[in-house]
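Trainee: Before we look at any detail, could you walk me through how to read a structure of this kind, one feature after another?
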Amino acid sequence: MSIAAPETTRGAAYVAACWREALAVWDIQVRLGPPTAYDGGGSSHWDEDEPLAFIDLETRQVVVNFPLLEKMGAMSSLTAVLAHEIGHHVRFPHTLGLAAALQVLEQRLIPGLRQSLTNLFFDLLVNEVVGRTRDAELSAVYRGFLEKGKGEASPLFCYYLAIYEELWTRDDLVPAAQREPMEAAYPSWRGDARMFVQTFYALPDIHLQFVYFCAHFLRYVPEPDKLSYRIPMGGDVPKPDEDDFDGAVRGNGGQQAEDALEEARARGWIKESGLVDRKDEDPLTTIDRITSRRPSNTQAAFREALVSKHYKRLVDEYVLKLAGVTPPLEPLIPTVLEEWEWGDNPHGIDWTGSVLAGGPLAAVRPLRRDMLPDEPSPREQTLPEVEIYLDTSGSMPNPSSALNAMTLAAQILSASAIRKKGKVRAVVYSSGRPLVSEWMSSEEVARRFLLNYAGGGTEYPFPLLRRFAEERPDAMRFIISDSDFLWNLQMAEAMDALQYGVSQSRLLVAMLALADDAQARQKLQPVLGSRKFRLVVVRGLDQFARAATDLAEAVLGA
Amino acid sequence: MSFDLGRIRDEAAAAPLASPYPQELSIAVVNDTFRLARLVPPDGKQWKGLLASAKQTLMLEQLGMLAHLLTVTSLRDETVKALGADIDVKRALEGFFASVAPLTAEMIRANAFRQEEFLRKWIATVGGQVAGEAPEESQKRLEQLDYRKTLAEYDRAEKARQGEATRRAKMLKEAADREAAARGWRE
């Protein structure tokens with residue numbers, strides 16, 4: 001039984017009753033707070049300018065835009081709106097990992113799609129359940145949305161509404177004025193919607209449902225790369241984060257997607273609809289696809305995070321894990337006195353300090369003093385400092401777009417050194433001023449720094465080598481480049497700087513991608529005799545990572 | 001006589017089909033239903049003619065599903081109550097199998113819409129009504145569910161889509177190529 005909603009009902013009792021009914025739709029207990037009014041915040045959960053409702057995952061509350069609901073004349077649909085939001089929370093998408101996997105699949109089937117259709121997809125699933133008992137309420141929301149937007153709907157939205165008409169046996173959702181133009185533009189579109197309803201909801205697997213959904217909806221998206229749409233109760237699906245997408249890139253849900261595609265091929269859905277059936281062989285291509293349509297203010301950071309995770313996996317394939325874990329040092333160094341508060345560890349109270357500072361009040365205002373472990377002595381450091389000079393000229397690809405073997409080699413060396421408690425400084429160069437990092441002892445920081453890319457000419461920074469060699473005479477230095485490095489040696493004072501660098505280093509290794517080493521031996525003749533210099537010739541780019549691993553094992557003991 | 005469609009479907013969902021019914025068993029179940037209504041079922045010769053008259057493979061699947069639903073749900077009891085003495089059993093069966101001709105056993109088993117259509121067409125065949133619905137509502141729903149009609153409409157949509165798909169595939173390929181070009185040089 002639904003609750004009667006008088007025109008002015010915005011009272012807490014009405015909202016609470018709707019909330020109870022909405023929970024009953026899903027017959028499930030959820031840890032969500034009762035709905036609160038939208039106050040203009042929560043933009044992280046909402047892409048568009050004015051949300052109707054969404055779940056704030058920070059406060060775990062459903063937020064409802066009551067004035068908008070009233071403006072749409074759908075205040076009596078509050079229960080259905082709340083049930084819709086709960087549906088996204090408890091059932092569709094089942095996990096954010098699934099949402100990410102479907103978006104990856106979507107970009108594979110419809111490359112260049114500007115706005116994801118997954119929101120429509122999950123709404124269709126949620127509304128089928130909610131609409132079993134509350135189709136009239138949901139219909140009121142859609143009608144109110146259309147009236148608010150001057151009654152016009154895009155072909156995509158018309159088709160979407162036709163699906164609900166077929167599902168709920170209604171005929172009051174698609175604007176009457178658009179039925180004939182739709183038939184003219186998309187012959188038998190109603191038959192299409194009917195078949196969709198009668199097939200889509202009977203499919204046994206969500207991946208198969210999604211491929212079927214894409215195959216049918218693509219017809220109503222004339223230009224995928226320009227698609228932009230708004231729907232009521234859209235944009236309210238929790239967004240997958242970088243870890244979710246990383247899982248999808250790694251292949252989570254990949255087998256289900258492949259199975260679904262195989263069945264879709266057998267049923268003729270792919271060919272008939274015009275979907276693209278081309279698998280990305282390189283995970284970096286997948287990353288590029290899924291990040292290139294993100295808002296520009298978050299795109300770079302999101303891409304960097306995913307690319308970094310991808311390279312970490314590659315590094316982990318090569319770098320041996322250390323068998324033992326060094327226990328953390330004992331905290332022995334006292335810090336300053338601070339107020340002890342209820343809830344703090346009583347063992348942290350420094351009674352002597354408290355009495356000295358507070359006298360008789362020490363018992364009521366005790367002070368605590370934390371202990372910290374001592375900084376490790378430089379003498380305990382097992383590895384010298386490591387400097388890596390990485391060539392990122394245009395002869396190698398941008399590591400964010402395609403696998404850059406030299407970048408990977410640099411990351412392997414840096415990870416090997418850091419895992420042996422070494423410190424790493426990286427110099428990423430092309431032409432012009434090189435990028436120089438601080439001394440880094442975090443693998444993640446080093447890995448991200450080494451993803452920098454210039455893509456210009458090649459100009460090895462010999463003056464910098466000379467300066468750093470002077471500053472840190474005991475460091476190990478690795479130069480990762482190709483035959484361009486040999487050309488660079490012809491620059492004025494280049495060989496002098498290299499010789500000085502060799503003499504001032506514990507070891508200087510030139511790791512060069514070369515077809516043969518004859519020319520290298522000739523050009524590097526002045527330093528080849530030094531016991532502090534090593535030339536490592538890598539015959540092919542695909543051998544760079546293995547060579548870096550062998551090198552790390554040989555000279556860093558990793 | 002009113003058939004509680006919701007209850008019948010719940011009962012069917014609670015007793016999933018483990019294996020297909022053999023032809024003889026299916027015929028026996030359907031014949032028993034008519035006998036319970038004090039009607040003479042088709043004899044062996046008539047059944048043979050019936051099964052030979054249409055797409056035999058699908059009709060056997062439909063016959064098996066009908067027997068299953070009559071066995072595990074209250075459909076049989078309601079059917080017995082609904083069947084009138086004046087019904088021409090052979091003609092009724094011919095009409096029923098013709099109306100559900102495109103439905104496979106898998107569709108009836110796994111697709112809620114197809115199962116509803118199958119049941120509604122059986123109810124209409126035996127002269128029953130769906131509980132809680134006016135006859136016009138039942139008729140409208142039946143038209144909406146008619147798979148043959150949906151298929152015909154969909155075929156039209158498919159033909160139109162094929163032309164559109166060629167155009168779109170070209171556009172998607174161009175978009176993919178543009179993307180690849182934008183990514184630049186690769187190994």
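Mentor: Let us begin with domains, whose bounds come from an automatic or database domain assignment. Keep in mind throughout that this is a predicted model. In chain A the assignment gives domain 1 (12-242), domain 2 (331-375) and domain 3 (383-556), and the centres of domain 2 of chain A and domain 3 of chain A, taken over C-alpha atoms, are separated by 49 Å.

Trainee: Into which domains is chain B divided, and how far apart do their C-alpha centres lie?

Mentor: Chain B has domain 1 (2-134) and domain 2 (146-187), with 41 Å between the C-alpha centres of domain 1 of chain B and domain 2 of chain B. Four residues of domain 1 of chain B are in contact with four residues of domain 2 of chain B, and on the domain 1 side of that contact there are two nonpolar residues, two charged residues and no polar ones.

Trainee: What does the radius of gyration say about chain B, and why?

Mentor: The idea is to set the computed value beside the one that a globule rule gives for the chain length. For the 187 residues of chain B the rule gives 16 Å, whereas the radius of gyration is 22 Å, well over that value, so chain B is more spread out than a compact globule. Its C-alpha atoms fill a box of roughly 80 × 35 × 30 Å along the principal axes, and buried residues make up 30% of the chain. Among the contacts in chain B with a separation of 6 or more, 79% join residues 24 or more positions apart.

Trainee: How many helices and strands does chain B have, and which pattern do they follow along the sequence?

Mentor: There are 10 helices and two strands in chain B, and read along the sequence they run β-α-α-α-α-α-α-α-α-β-α-α.

Trainee: Turning to the interface, how many residues of chain A are in contact with chain B, and which helix supplies the largest share?

Mentor: An interface can be read by counting the residues on each side, then by asking where they come from. Here 31 residues of chain A are in contact with 28 residues of chain B. On the chain A side, α8 (189-200) and α12 (269-273) each supply at least two residues, and the largest share, seven residues, comes from α8(A). Sorted by class, this side of chain A has 15 nonpolar, nine polar and seven charged residues.

Trainee: At what angle do helix α14 and helix α16 of chain A pack, and which residues meet there?

Mentor: For a helix pair, one looks at the angle, the distance between axes and the handedness before the side chains. Helix α14 (residues 296-318) and helix α16 (residues 405-419) of chain A pack at an angle of about 65°, with their axes 9 Å apart, and α14(A) passes α16(A) in a right-handed crossing. From α14(A), Y311(A), L314(A), V315(A) and Y318(A) meet L408(A), Q411(A), I412(A) and A415(A) of α16(A); by class, the residues of this contact are seven nonpolar and one polar, with no charged residue.

Trainee: Finally, is A80(A) buried or exposed, and which residues does A80(A) touch beyond those up to four places away in sequence?

Mentor: Burial is judged by counting neighbours, and 20 or more other C-beta atoms within 10 Å make a residue buried. A80(A) counts as buried because it has 28 C-beta neighbours inside 10 Å. A80(A) lies in helix α3 (residues 78-90) of chain A and, leaving aside residues up to four places away in sequence, touches V130(A), R134(A), E137(A), L138(A) and V141(A).

Notes:
Residues are numbered from 1 along each chain as its sequence is written. Chains are lettered from A and ligands numbered from 1 in the order in which they are written. This is a predicted model: local features need pLDDT of at least 70, side-chain atom pairs count only at pLDDT 80 or more; totals for chains, interfaces and linings use all residues. Two residues are in contact if their C-beta atoms, placed from the backbone, lie within 7 Å. Helices (H or I, at least four residues) and strands (E, at least two) are DSSP runs, numbered from the N terminus. Ala, Val, Leu, Ile, Met, Phe, Trp, Tyr, Cys and Pro count as nonpolar, Asp, Glu, Lys and Arg as charged, and the others, Gly among them, as polar. Axes are lines fitted to C-alpha atoms, for helices over the stretch in contact, and angles run from 0 to 180 degrees between N-to-C directions. A crossing is left-handed if the near helix is turned anticlockwise from the far one by less than a right angle, and right-handed if clockwise. The radius of gyration is taken over C-alpha atoms; the globule rule is 2.2 Å times the number of residues to the power 0.38. A residue is buried if 20 or more other C-beta atoms lie within 10 Å of its own, exposed if 12 or fewer, and partly exposed in between; C-beta atoms are placed from the backbone.
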